[in-house]
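Open the model in your viewer and keep the sequence panel beside it. Each stop below gives a selection and then what is there.

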Amino acid sequence: MLQSINTNRGEQQKPDETKLDKRLDDLEKTIKGLDKSMDDEDKKRKQRPIPPPPIPPAQPDHIESEVKIPIEKPPAKPTEKKEHVGASSRCEWRESSPSKTTFEIRQLYESLPFNDEDGGVWKQGFDIEYKPTQWSSNDKLKVILMPHSHCDPGWLHTFEGYFNQATKQIIDTVITILDTNKKYKFIWAEMSFLSLWWDQASLDQRRLLKKVVHNKQLEIVTGGWVMNDEANTHYYAMLDQLIEGHQFIENTLGNITVQSGWANDPFGYSPTMAYLLHGTGMQYMAIQRVHYHIKKALAKEKQLEFVWQQTWDRDASTRIFTHVLPFYSYDVPHTCGPDPKVCCQFDFKRAARSTVNCPWGIDPVQITEENVRERAETLLDQYRKKSQLYKTNVVFVQLGDDFRYTTMDEAKNQFENYDRLFTYMNKQSEWNVDAQFGTLSDYFEKLLQQTPQTQFPSYMGDFFTYADRTDHYWSGYFTSRAFFKRMDRIVESYLRASEILFSLANVKMLEENSNKQFPKDDLFKELVKARRNLGVFQHHDGVTGTAKDHVVNDYGLKLQTAITSSQNVMEQSAAYLIYQNNYTSKIDLLLSNIEFKTFESLPTRKVLSLNNQQQPSKSIYVYNPTDQRRTQIVKIVIDTYQVYVTSNKQIIKSCQIDPKWTGRKSNMIEKSLFELLILVDIESYSLKEYTIHTSKTQESCPLTTIEYLNEKEKSMDTSGPFKFELNTQETIQLNNQFLSIKFSKNGTLNNIEYLKTNKKLSFQTNVIHYGTTKQADHNSGAYLFLPDGEAKNIPPGPHDLIRIQRGPLISRVDILHEIYGLQYKLTNINGSDDHVVKLNAITHLNMNNDIELALRFTTGIENGNEFFTDLNGFQTIRRKTYSKLPLQGNVYPMPAMAYIEDAQMRFTIVSGQPSGVASLKSGVVDVFLDRRLLQDDNRGLGQGVTDNREIISSFKLIFEPRHTVDRTSLTGYPTLLAHHHSTELLYPMHILQVMSKLNTQRNELNLFPKSNLFPSDYHLVNLRTLNENRDDSKYGSSKNMALILRRFAYDCDGNYDNLFHFDKPTFEDFFQANQIQSVEQTSLSLRHVQNQLTVTSKIDVPIAEIMTFKLKMK
């Protein structure tokens, strides 16, 4: 993964790269005085193409300031664009502060007592009073009533089930009734449903939909494929489903503007989503599920409307206007005003003969000439009270609920009764009210006509963890259905890798003006299917794990289909690029070596059979889909242990043979299967050939040695080639040249030592568990985490097995417990991986009781009550553990990473799947693994969580010395080392088996013209081929593609960072200049063109941000 500053690429090195290497060589020579250990490392770097990041030597803190690094130009301000910036200038932006905001999340949490007081009719609020004289004929109360229907793409029924039962009829009904009266308005959010509807709609229905959209009666809000969850999702998938939805809009409805984001149901909110909406061109957003104590506090200060700013923002350029709905829910009883008993009387679906009624005992009645005055006065009283919670005289009211407006009778009841009420209200001049139907953007536009945005407060932070009442914190769904949370990340890795390969194959085909049997349209359909299946799972009842069992299974099938579709695209695209003129789609040239047999089982590796005398060797291609060169281990299952490995006909000596165990927690060895580990060295975005040969005269790859603690634990079959030994030491120890990790004889990891500095770190890992309270309406379920007290440690059991495997490349310790399995790995490859401890946790909760399982890491780090978690893998936020909150209120989402630190050390957990995380005591981090709950938590699902599958949760543990620590910033910054390891964990290398021996095989294929293309702080989010903009039911790849780049915000570490270059790329580094017809910088989802660029333009992505470019190829 690391690119050496002394890289020797021999013949392939280009003149500009030679200059770069020389400049970096000169830079390196100025850092000689650090320590002899550093000098030794430099020598090793010259011997190997990819060095590991050196550990800073044990020296006083002031030494760092004495290191002088030449700066070629004066330090740049954060907003300036400078090239070839020196190390100190690169880090200078960290010394500046974000733009100040009126308030932030920490101030709210510090000031709130979190005590429940009865607020009267508004139970979670307070009594609201007003004076009728507040309004006048020149300053009326302006009411915008927004009809809507919240349609989940899967929850109690499947996505398609909901469409057939309800959503199709809803869209039919809405466009029909809107066409009867131009005053009527409506909003629609989920493009996944609209796409299904469009595919089966008649031409007349399509025209009618376009009519009501273009005359602004029906507003498309957000426009994503779904209304995505914001806690567990990764920004890649969040943006991808936005692009999919916005491209659908572009291809079907044309050039309509999506101005507003609508998220009434996600269970908490991330600033990442606010950033993405702003980046796609949206100006406004509205949210609902915010902690009820925070709502109350904001309402008292009239701060429920604010501009939301990103935590890193230095120039207030990321702000988006945000409205928070004030009451308990988004249904009609909780939207017209503070009294649900009154508001429910104006939900006309609940009128006589309806299947739903008002639980407060007074149902709605039809509006007639006889009752209209009394009914209008009653409703207006609620509107006036609600308006007191906001700064202006414009009040926003929602009229809808889940799957509403399914029939024309229901729609007429709602629209016609409100039309009568509004007509009457508006005629009463002394009431000083102007009430009308409106869309979300209608509300925001009317609001800002009256009061400019500059007069509203600004806010920085997130809205986790959500609580809707008492101590009911929604921190359970951070971990629910852990198996599919992990599967989500696997799908993302396959889809992204295949998108990049397909786009480059498509460009190659365009360049040669010949399809050469490359089935681009068929493969593009597969890509679209994978995109949309992943997109549907981002729904706030999908990746959250909060759907019915059969719906979860349906999501699982969709994810499995996305993987197999992506695999097919990857195989065909790679084969086309590698074999060129000899390519054919009629036979399998390359096949993925990973198989997903069912949607609910872990992936398995296909066996590479070498016991065939006619073919004593087999070749593979290893695909590196990441931004930096990688020196890492890949694994292949083979059927003989006597093998050696070559690449480009040169012998690869760095290999190892491990036993293949019959199960993940088994102690039986497969007699005829083995695991071959190969140390591969691959440039970024390239494919490289490796060949495995049966060994006759050549020395075979070395075998792992297997150790046990006593004779009775030994595998019963010791007749194979492996050597078995007894560990008679007092502790179990794994070492490489940088780290030593020690375990007790019961399998507890006790401490970690840096061998370069002889610094020992107190470190312990335990598995803990929670139960749940047994009170009625007070227990954990799919959404809620309501533990029965503090966590209990799971002690070692009498049947635990501890097994050690030692090899030249990697050694590991397996702790196999009745409830879980832990596997620690330490590599010895002279690369970046040598600085991390890899940890896999195997769980399969199938017992008949409530249990929540977590890993507890106990360190000597003095972080106090503060820790950091990531938000969607995109940014990091400071958390604080509060004693005034219940335990479950101190649990936060960890989509990809968390860390604690003090002035000496930072401990980072990089995760391959989302889950809950907490730091309940100083020096301690708890990471949740899985949860099994036998009962419902009364949030509508109607069942517990009992469909657990076997899952492997993957982590990397990183320990980094610190010299200083930032105690004030709301945001945190991982180091580049942590960013890179997170990228590698989420986007592993892919292995493609060569199925046909053709003469034109290449040893290595670099996908882009310039090798070592990416600066260390740049990341290729996606290279996404766009649809040909024809009828959306006919998918075809176009000449247009989206190049999406991210730039990391990071904590500087000169020793690691200086191993890389930071030169900004140009577009001709990605493609030959004669391949590109035009380049445009666009909004994130490509709907708005912002700048016309040239192929030689430098790509300068602002720190911490994402940019999208639209490339049209010739």
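**Stop 1: a loop with a cis bond**

Select Thr 465, which lies in the loop between S11 and strand S12 (467-469). This is a predicted model, so treat what you see as a prediction. Now show the backbone from Phe 464 to Thr 465: the peptide bond there is cis, with omega near 0°. Most peptide bonds are trans.

**Stop 2: strand S7 and its partners**

Step back to strand S11 (residues 458-460), which pairs with S7 in the parallel sense over 3 bridges. Pick Gln 309 and look for its bridge partner in S11: that is Met 460.

Then select S7 itself, residues 305-309. Is this strand enclosed or open? It is largely enclosed by the rest of the structure, because 5 of its 5 residues are buried. Colour the two faces separately. Glu 305, Val 307 and Gln 309 are on one side, Phe 306 and Trp 308 are on the other, and all are buried. In a regular strand the side chains alternate between the two faces of the sheet.

Add strand S8 (residues 320-324), which pairs with S7 in the antiparallel sense over 4 bridges. Phe 306 stands opposite Thr 322 in S8.

**Stop 3: a three-stranded parallel sheet**

Select S9, S2 and S10. They form an open sheet of 3 strands in the order S9-S2-S10, with parallel pairing. Strand S9 (394-402) and strand S10 (433-437) are the edges, each pairing on one side only. From one strand to the next, the twist averages 20°.

Zoom in on strand S2 (residues 141-150), which is joined to S9 by 9 bridges. One pair to label is Met 146 and its bridge partner in S9, Gln 398.

Now show the helices that lie across this sheet. Helix H13 (residues 372-387) lies across S2, S9 and S10 and runs at about 115° to S9. H14 also lies across S2, S9 and S10, running at about 160° to S10.

**Stop 4: Asn 413 in H14**

Stay with helix H14 (residues 408-427) and pick Asn 413 within this helix. Asn 413 counts as partly exposed, at 24% relative accessibility. Which residues does Asn 413 contact, leaving aside its neighbours within four places in sequence? They are Phe 348 and Gln 366. For a distance label, draw a line from Asn 413 to Val 356, C-alpha to C-alpha: the two are 14 Å apart in space and 57 residues apart in sequence.

**Stop 5: a kinked helix**

Select helix H6 (residues 159-178) and look along it to Ala 166, where a kink of about 45° is centred. Switch on a surface for the rest of the model. H6 is largely enclosed by the rest of the structure, because 14 of its 20 residues are buried.

**Stop 6: two crossing helices**

Select helix H9 (residues 235-252) together with helix H17 (residues 520-537). They pack at an angle of about 115°, with their axes 9 Å apart. Their crossing is left-handed.

Show side chains where they meet. From H9 come Tyr 236, Ala 237, Asp 240, Gln 241 and Glu 244; from H17 come Val 528, Arg 531, Arg 532, Leu 534 and Gly 535. By class, this contact has 4 nonpolar, 2 polar and 4 charged residues.

**Stop 7: a four-stranded mixed sheet**

Select S17, S19, S23 and S22. These make an open sheet of 4 strands in the order S17-S19-S23-S22, with mixed pairing. Its edges are strand S17 (607-608) and strand S22 (655-661).

At one edge, S17 runs parallel to strand S19 (residues 630-638), joined by 2 bridges. Leu 608 has Ile 638 in S19 as its bridge partner. At the other edge, S22 pairs with strand S23 (residues 669-682) in the antiparallel sense over 6 bridges. Label Gln 656 and its bridge partner in S23, Leu 677. S22 is mostly covered, with 6 of its 7 residues buried.

**Stop 8: two positive phi angles**

Most residues other than glycine have a negative phi. Two residues to check against that follow.

- Asp 777 has a positive phi of about 55°. Asp 777 sits in the loop between strand S30 (759-770) and strand S31 (792-793). Its relative accessible area is 37%, so Asp 777 is partly exposed.
- Asn 830 has a positive phi of about 60°. Find Asn 830 in the loop between strand S34 (820-827) and strand S35 (836-843). Asn 830 is buried, with a relative accessible area of 11%.

Methods. Residues are numbered from 1 along each chain as its sequence is written. This is a predicted model: local features need pLDDT of at least 70, side-chain atom pairs count only at pLDDT 80 or more; totals for chains, interfaces and linings use all residues. Side-chain values use heavy atoms; hydrogens and water are left out. The bend at a residue is the angle between axes fitted to the seven residues ending there and the seven starting there. Buried means under 20% relative accessible area, exposed over 50%, partly exposed in between (1.4 Å probe, protein chains only). Axes are lines fitted to C-alpha atoms, for helices over the stretch in contact, and angles run from 0 to 180 degrees between N-to-C directions. A crossing is left-handed if the near helix is turned anticlockwise from the far one by less than a right angle, and right-handed if clockwise. Contact means heavy atoms within 4.5 Å. Ala, Val, Leu, Ile, Met, Phe, Trp, Tyr, Cys and Pro count as nonpolar, Asp, Glu, Lys and Arg as charged, and the others, Gly among them, as polar. Two strands pair if DSSP finds at least two bridges between them.
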